[in-house]
2 protein chains.
Amino acid sequence: MAYEELKLEHQLCFKIYALHRELMAAYRPLLDELGVTYPQYITLLYLWEYEEATVGQLCNALGLDTGTVSPLLKRMEVNGLVAKRRLVSDERTVMVSLTERGKALEEEARSIPSHMASCLFGDDETGARSLASVLDQTIRQLVETRKQ
Amino acid sequence: MAYEELKLEHQLCFKIYALHRELMAAYRPLLDELGVTYPQYITLLYLWEYEEATVGQLCNALGLDTGTVSPLLKRMEVNGLVAKRRLVSDERTVMVSLTERGKALEEEARSIPSHMASCLFGDDETGARSLASVLDQTIRQLVETRKQ
DNA sequence: CTCTGTTACATTGTACACAACATAATGCCC
DNA sequence: GGGCATTATGTTGTGTACAATGTAACAGAG
């Protein structure tokens, strides 16, 4: 007896929410082998690319706030993946860098993107690009709207 | 110096992850007015449509496990949105139904879908449908892969 | 009727995610 | 150089998520 527009099956948000969780579930077995979670994995992706970053840069790049990133980095430090040091030039700023163990994981991670691509698209090459462009477009629109 | 395939910007997963969080952020102010979170909102969507459901049916429909749904329902019960009762025919089964207050929220929620649609797509009507179909396709592929 | 496996749900433990607040270092205005 | 807003990060509290485990109720085999 619900209003048509409120039916669960019509909600785009729910598809995005569901896809997000399916995706995390698909990554989990791969990331378990590296001993990291998904948010830790994307933190590593950033650090593999830029060598080191401040906490603030990581928050910005990943779109997460300090309440998420700060304890996440603490766990990664405990697990020996990253090291933290305060800048001499500004004692407020914490610079995060990879340990040898953190760097070494990059080799083990190399196979993940292509493996995940096949999980997401099977053999459909064009599907990936069309999903990417639609997602970019939608995120842009959302961010746009939020800023007003 | 990272491998090209491991750069953050190339990761489709990250776009989905980011979109998911942007979307939750966009919903938050609307749902705050109803006094519910997003997972509670989709639980209400289901109950508005089907009147009542067992815990298991909700887990299935929402794709969440009992460890998530069980405490979520407990909070909704405390907030006076749902009621729970055990079936006489099977004392293991818990039936969840809406309270008057839970039913009343449906009216207040009616404006949410169209409001969110404009946040997601601006004026672009076709964007919604193309995103929906790409998401459906991708979820199907992921679920397919997971089952093997 | 009893034993045993299964089912439905709840609980525990770990890890996000974010709002709100706390803290310490910096920069700047005078 | 003292006061003060700002900045960078950390902490607290609430609410997901999910794996693993617990528990009571049910369902059949013998």
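**Note on a predicted protein–DNA model: chains A and B with strands C and D**

1. A backbone N or O atom of B:Gly56 lies 2.7 Å from a phosphate oxygen of DNA strand C, a polar contact in the sense of a pair of N or O atoms within 3.5 Å (within protein, one must be able to donate a hydrogen and the other to accept it, and residues adjacent in sequence count only if both atoms are side-chain atoms). Side chains also reach this strand's phosphates: an N or O atom of A:Thr37 is 2.6 Å from a phosphate oxygen of DNA strand C, and the corresponding distance for the side chain of B:Lys74 is 3.1 Å.

2. Basis of the values. This is a predicted model, in which local features need pLDDT of at least 70 and side-chain atom pairs count only at pLDDT 80 or more, whereas totals for chains, interfaces and linings use all residues. Residues are numbered from 1 along each chain as its sequence is written, chains are lettered from A and ligands numbered from 1 in the order in which they are written, and side-chain values use heavy atoms, with hydrogens and water left out.

3. Surroundings of strand C. DNA strand C is surrounded by 26 residues, the closest being A:Thr37, A:Arg75, B:Tyr17, B:Gly56 and B:Ser70; a residue is near a strand if one of its heavy atoms lies within 4 Å of it. Sugar or phosphate holds 79% of the strand C atoms within 4 Å of the protein, and bases hold the rest. Both chains contribute: α2 (38-50) and α4 (66-78) of chain A, and α1, α3 and α4 (66-78) of chain B, each supply at least two residues of the surface near DNA strand C. Helices here are DSSP runs (H or I, at least four residues), numbered from the N terminus. By class, this surface has six nonpolar, 10 polar and 10 charged residues, where Ala, Val, Leu, Ile, Met, Phe, Trp, Tyr, Cys and Pro count as nonpolar, Asp, Glu, Lys and Arg as charged, and the others, Gly among them, as polar.

4. Surroundings of strand D. Of the 25 residues around DNA strand D, the nearest are A:Tyr17, A:Gly56, B:Thr37, B:Gln40 and B:Arg75. Of the strand D atoms that come within 4 Å of the protein, 76% belong to sugar and phosphate. A base is also approached: a polar side-chain atom of A:Thr66 lies 3.2 Å from a base nitrogen of DNA strand D. Towards phosphate oxygens of DNA strand D, the side chain of A:Ser70 places an N or O atom at 2.8 Å, and B:Thr37 places a polar side-chain atom at 2.5 Å. Two or more residues of the surface near DNA strand D come from each of α1 (12-34), α3 (55-62) and α4 of chain A and α2 and α4 of chain B. That surface has six nonpolar, 10 polar and nine charged residues.

5. Interface between the chains. In chain B, 61 residues are in contact (heavy atoms within 4.5 Å) with 61 residues of chain A. The buried area, meaning the accessible area (1.4 Å probe) lost on putting the two parts together and summed over both, is about 6,000 Å², with carbon and sulfur atoms giving 69%. On the chain B side, B:Leu6, B:Tyr17 and B:Leu142 lose the most area to chain A, together 11% of what that side buries.

6. Polar component of the interface. There are four salt bridges between chain B and chain A, each a side-chain nitrogen of Lys or Arg within 4 Å of a carboxyl oxygen of Asp or Glu. B:Glu5 forms a salt bridge with A:Arg110, with the closest N and O atoms 3.1 Å apart. Polar contacts link 17 residue pairs between the chains (both at pLDDT 80 or more). α1(B) provides the largest share of the side of chain B that touches chain A, 15 residues.

7. Symmetry. Chain B is superposed on chain A by a rotation of 180° with 0.0 Å of shift along its axis (RMSD 0.0 Å), which is the relation of a two-fold axis. The superposition is by least squares on the C-alpha atoms of residues with pLDDT of at least 70 in both copies. B:His20 is the residue of chain B that comes closest to the rotation axis, at 3.3 Å (C-alpha).
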